[in-house]
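Here's a walk through one model, aimed at someone who likes to have the numbers next to the picture. Keep the viewer open as you read.

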Amino acid sequence: MVYDYEKFKSVVLQLTKIDLNAYKEKQMKRRIDSLIAKNGYKGYEDYVEALKKNKPVFEEFVNYLTINVSEFYRNPDQWNLLDKQIIPDLISKFGKNLKIWSAACSTGDEPYSLVMALSRHIPLSLIRIAATDIDKQVIATAKVGLYNAKSIAAVPEDLKKKYFTKIGLSYQISNDVKARVDFKEHNLLENNYATGYHMIVCRNVLIYFTEEAKDKVFRKFYASLAPGGILFIGSTEQIINYKEIGFEKKGSFYYEKPRK
């Protein structure tokens, strides 16, 4: 049979556990159609056969689906607020052994930024970041920790000098920072969430989700936070129904699960 996009979505779900129904359809379909055409496949059915039989094609597809536009200290004003207000508040409430999750961490820019930001307040030896992403290729890239100049442009100069080594045209994050991050695969829409987090960071990812999928994830984040914990989202996002979920707004992109 000739696959239509609905059939293609169901097969992709079986193969990858990625539910394309959770993404804005017009945008995602356009991206997939472009990828199929670029690689010379005749249509969805032809492409599905390649996904089943060709591991590089499969991994390229998963990587293409997961929108990996990331950089260190993205939106510096928000990281400045994190440094000056949010981290000190968390330490005052929970102490220095903070439980933090970088969700949809992409190539590691965000969890490594968190380690560096926290290092101004907490000894490196006490810092642990759980970092997850649906795409094992970007996790592999994150573990290598090699970035271009554009990716690290917004890193404060003192931290850049302390934690990066220039290698050719690239910059290597220090092993001291890498050692503080635990990476693993995780699907925000399908997998269970751990609980008791003092902060969850998930930025500029959910904009690609439907409103229903976003609501589901925000509610799961709320349940995953400890009372008094903070959710840090991206500058392109907002939680319209944050009060209904139970959050209190602490800043433009910071939401707190209040203590009862």
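In which helix does Lys162 lie? Lys162 lies in helix H8, residues 157–163. Bear in mind throughout that this is a predicted model.

**Two lysines**

Lys162 has a relative accessible area of 59% and is exposed, because the cut-off for that label is over 50%. Follow the chain from there to Ser174: the two residues are 12 apart in sequence, and their C-alpha atoms are 8.5 Å apart in space.

Lys7 is found in helix H1, which covers residues 5–16. With a relative accessible area of 30%, Lys7 is partly exposed. If you want a long-range pair to click on, try Lys7 and Ile239: they are 232 residues apart in sequence, and 32 Å apart in space from C-alpha to C-alpha.

**Ser119 and its surroundings**

Ser119 has its place in the loop between helix H6 (109–118) and strand E2 (129–133). Is Ser119 buried or exposed? It counts as buried, because its relative accessibility is 18% and the limit for buried is under 20%.

What does the side chain of Ser119 reach at 2.6 Å? The partner there is the backbone oxygen of Met116. There is also a polar contact of 3.4 Å between the side chains of Ser119 and Tyr163. Tyr163 turns up again in the list of residues that Ser119 touches, together with Leu124, Ile127 and Leu159, once residues up to four places away in sequence are left out.

**Asn191, another loop residue**

Asn191 sits in the loop between strand E6 (181–185) and E7. Its relative accessible area is 32%, so Asn191 is partly exposed. The side chain of Asn191 reaches the backbone nitrogen of Asn187 at 2.6 Å. Leaving aside residues up to four places away in sequence, Asn191 touches His186 and Lys220.

**Positive phi without glycine**

Two loop residues are worth a look if you check backbone torsions. Asn75 has a positive phi of about 60 degrees although it is not a glycine, and Ala104 has one of about 55 degrees, again without being a glycine. Asn75 is found in the loop between H4 and helix H5 (76–94), while Ala104 lies in the loop between E1 and H6. Asn75 counts as partly exposed at 24% relative accessibility, whereas Ala104 counts as buried at 17%.

Here are the accessibility values for some of the residues discussed so far.

| Residue | Relative accessible area | Label |
|---|---|---|
| Lys162 | 59% | exposed |
| Asn191 | 32% | partly exposed |
| Lys7 | 30% | partly exposed |
| Asn75 | 24% | partly exposed |
| Ser119 | 18% | buried |
| Ala104 | 17% | buried |

**Strand E7 and its partners**

Now for the strands. Why is strand E7 (residues 197–202) described as largely enclosed by the rest of the structure? Because 6 of its 6 residues are buried.

E7 pairs with strand E1 (residues 100–102) in the parallel sense, over 3 bridges. In that pairing, Ile100 stands opposite Met199 in E7. E7 also runs parallel to strand E8 (residues 225–233), and 5 bridges join them. For orientation, Tyr197 stands opposite Leu225 in E8, and Val201 stands opposite Phe232 in E8. E8 is mostly covered too, with 8 of its 9 residues buried.

**The second largest pocket**

Last stop, the empty space. Rolling a probe the size of a water molecule over the atoms shows where such space is left. How much space lies in the second largest pocket? The figure is about 250 Å³. Of the 16 residues that line this pocket, Thr16, Phe58, Val62, Ile134 and Glu185 are the closest to its centre.

Helix H4 (55–65) and helix H7 (136–144) each supply at least two residues of the lining of the second largest pocket. H4 gives the largest share, with 4 residues. By character, the lining of this pocket divides into 7 charged, 5 polar and 4 nonpolar residues.

Methods: Residues numbered from 1 in each chain as written. Predicted model: local features only at pLDDT ≥ 70, side-chain atom pairs only at ≥ 80, totals over all residues. Heavy atoms only, no water. Buried < 20%, exposed > 50% of the residue type's maximum accessible area, 1.4 Å probe, protein only. Polar contact = N/O pair within 3.5 Å; in protein donor to acceptor, adjacent residues only side chain to side chain. Contact = heavy atoms within 4.5 Å. 1 Å grid on protein atoms, 1.4 Å probe; cavity = no way out; pocket = protein on both sides within 12 Å on 5 of 7 lines; lining within 4 Å. Points joined across faces, edges and corners; volume = space filled by probe spheres on them. Nonpolar A, V, L, I, M, F, W, Y, C, P; charged D, E, K, R; others polar. Pairing = 2+ DSSP bridges.
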